[in-house]
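Here are some friendly notes to read alongside the model. Keep the picture open and turn it as you go through the points.

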Amino acid sequence: MQRIVDALLFPLLAVISAFIVGAIIVLLVGDNPIRVYEIFFASAFGTVDGISYTLFYATPLICTGLAVAIAFRCGLLNIGAEGQLYVAAFAAAWVGFTLDTSKWIVIPLCMIAAMIAGGIWGGIPGLLKARFGSHEVINTIMMNFIAVGITSYLTQYHYRIAGDPILQTKPIFEQAHIPRMSAMLAPFGIAFPAWLPLNLGFLIAIVACIVVYIFLWKTKWGYELRAVGANPSAAEYGGINVSRSIVIAMCLSGALAGLVGINEVLGYRYRYYDGFSANYGFTGIAVALLGRNHPLGIFLAAILFGALVRGGLFINIFSDRVSKDLVVVLQAVIILFVACEAIFLFLQKRNTGGKS
Amino acid sequence: MINAADIINISLIGSTVRLATPLILASMGGLYSERAGIINIALEGIMLSGAFTGAAIAAKTGSPWLGLLAALLAGLLVAAIHAVACIKYRADQVVIGTAINILFLGVPALFSKAFFGSSGSTPQLELEQRIPNFLIYVAFLVVPLTYFVLFYTRFGLRLRMVGESPEAADTAGVNVEKMRYLAVLISGLLAAAAGAYLAIGQNSLFTRNMTAGRGYIALAALIFGNWHPVKTLLACLFFGLAEAVSIRMQGVVDIPNQFIQMVPYILTMVVLAGFIGRVHPPKAIGQPYVKERR
């Protein structure tokens, strides 16, 4: 019980502190924080539409959160989820508009392509780290820019429909579409609005949470990966191949980030859209930190951040002083507070001091 | 037909210098911080804070000098957040840097909607409200100054010592935390000046995410230049040249622009992997220093 309280206490404090900072900023720009937060919560959680949009926005963040977390567990910081999800989404789209076959073949192939492309993009910095010791942070940042360049080049010069003013590829074949929630619930007689973009990608993200949990805590590779993260020299002394764990962690991290491509391309836009990611990769860092690098925590944190995205859109509409960028600020402040846990330590000191 | 003289001519030097200026200022900033052992991924965010504050205050007051002053103050403030989080609370330096970069994607847009009614940009300044050349001179003065400070003054010696071996520095009576605070604050001043140059020197307004990754390129130049002021300057000039050439080649040569833009990033990875010489980052970089109780 104490463990659960401890695990929840700091993240909650961080979120509450961030909302207080947000309220101060709202006051500074001249609006009423209570009104703004009311709009925010009502739009994110108040209706079925709101909740399903919140879950839809949470889907890519679950994936990038898991991606960052699995690298974190191995002692690596993957700032490159943004680049990994771009190449993955492009790969999924490429398979989707190239192969005109049965959906039972093309959908799995699209998914595998996304995970492999993301895995390679994450694996390269892992390999460079394991082989040459070059820092994964710098390399993942550099590969973000390279991913943006390559995907935008391929879109602009090779796969755009001639004359399309928007930088996007041609659409994927209809067989490559994954079902939306409405189609999946229909056989059970549940009516769900068909315009809502929530799709199979969300369920895939949940499965990914479970798989990551099993991998990290129930398999040998997962154990080795965590051992390397906890203490690389002890792990090496204990006979664990540290280099291999680093490469595996980064490949898996990239593959998980690649799942974003499935939700985005196969479930929502049905094409590759240049620059589609609203900082999903970077928000994934916040999600992983807030979720304490645990799949369950990440799921909950992603829903909070999904709600922030949804709420932000409505704040944008209903306030003429506050813009949706408040959400970006809140995300950053949450990271700051979670990373500076020591700020809250005085609370705990007082607690244990009282007990002893 | 492509005419090489259209691309390579005397004015190319001018545009290289102009495009390298923000990189030089920011990477010199990063140099102080990283030489003292604090990773500064936040350069991008600090540049954005300087660019926005500079343009906003210049627009409100009509004075670019007040704008520059405000930009420097903003840079100091943001650097102070980075410093307190990394030094006092011993937070992960990369995570804090990333948070600051995200923060300044949001803050300028938030405030520009409230104060200028446009989400993302500040009003266009008059031509005389810009300071086109001043910060270029500053940038090229900062490099020899940094070289001198780093290698010929007691302050520089202590700064490097704190970044290489904080324990030894502490034993020798150097206040490790104070040195690191100073280094990060200097870093904030210079990165903010880089941002101000973009907004009220080269351009005449702030636009959303106007740094467009230059903070990261400055970081790349720092690594490429092996954390040495002169080599870093050369790296900045090289990256500035690459950008200048890529701008000129648009529509003239049939090489996709994306490939030229990727050059600095690919080069950095190659250098980091040790294919061109060895890189020697400061030894204690990224590690919070915990003073031992005596």
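**Notes on the two chains**

1. Let us begin with a corner in chain B: α6(B) and α7(B) are roughly perpendicular to each other, a label used for angles of 65 to 115 degrees (under 35 counts as roughly parallel, over 145 as roughly antiparallel, and the rest as oblique). Helix α6 of chain B covers residues 134-152 and helix α7 of chain B covers residues 154-164; they pack at an angle of about 75°, with their axes 5 Å apart. The axes are lines fitted to C-alpha atoms, for helices over the stretch in contact, and the angles run from 0 to 180 degrees between N-to-C directions. On the α6(B) side the contact uses B:V149, B:L150, B:F151 and B:Y152, and α7(B) brings B:F155, B:G156, B:L159 and B:R160. Contact here means that the C-beta atoms of two residues, placed from the backbone, lie within 7 Å. Six of the residues in this contact are nonpolar, one is polar and one is charged. In this scheme Ala, Val, Leu, Ile, Met, Phe, Trp, Tyr, Cys and Pro are nonpolar, Asp, Glu, Lys and Arg are charged, and the others, Gly among them, are polar.

2. A word on the model itself. This is a predicted model, in which local features need pLDDT of at least 70, side-chain atom pairs count only at pLDDT 80 or more, and totals for chains, interfaces and linings use all residues. Residues are numbered from 1 along each chain as its sequence is written, while chains are lettered from A and ligands numbered from 1 in the order in which they are written.

3. Which secondary structure does chain B have? Chain B has twelve helices and zero strands. Helices (H or I, at least four residues) and strands (E, at least two) are DSSP runs, numbered from the N terminus. The C-alpha atoms of chain B fit a box of roughly 70 × 50 × 30 Å along the principal axes. A compact globule of 294 residues would have a radius of gyration near 19 Å, and the 19 Å of chain B agrees with that. This radius is taken over C-alpha atoms, and the globule rule is 2.2 Å times the number of residues to the power 0.38.

4. Chain A has 15 helices and zero strands. Its C-alpha atoms fill a box of roughly 70 × 60 × 40 Å, again along the principal axes. For 356 residues the globule rule gives a radius near 21 Å, and chain A, with 21 Å, agrees. Of its 356 residues, 56% count as buried; a residue is buried with 20 or more other C-beta atoms within 10 Å of its own, exposed with 12 or fewer, and partly exposed in between, with C-beta atoms placed from the backbone.

5. Is A:T64 buried or exposed? A:T64 has 33 C-beta neighbours inside 10 Å, so it counts as buried. Its place is in helix α3 (residues 48-73) of chain A. A:T64 and A:T283 lie 219 residues apart in sequence but 7.8 Å apart in space, C-alpha to C-alpha. Leaving out residues up to four places away in sequence, A:T64 touches residues including A:A81, A:L85, A:A257 and A:T283.

6. Helix α13 (residues 295-318) of chain A packs with α14(A) at an angle of about 150°, their axes 8 Å apart. That makes the two helices, α13(A) and α14(A), roughly antiparallel. Seven nonpolar, three polar and no charged residues make up their contact.

7. How many residues does each chain give to the contact between them? Chain A gives 38 residues and chain B gives 36 residues. On the side of chain A that touches chain B, α6(A) has the largest share, with eleven residues. By class, that side of chain A has 27 nonpolar, nine polar and two charged residues.

8. Finally, look at a helix and a loop in chain B. In α3(B), 17 of the 19 residues are buried, so this helix is largely enclosed by the rest of the structure. Just after α3(B), B:G62 takes a positive phi of about 80°. B:N209 has a positive phi of about 50° although it is not a glycine. B:N209 sits in the loop between α9 (176-202) and α10 (214-224) of chain B, and is partly exposed, with 15 other C-beta atoms within 10 Å.
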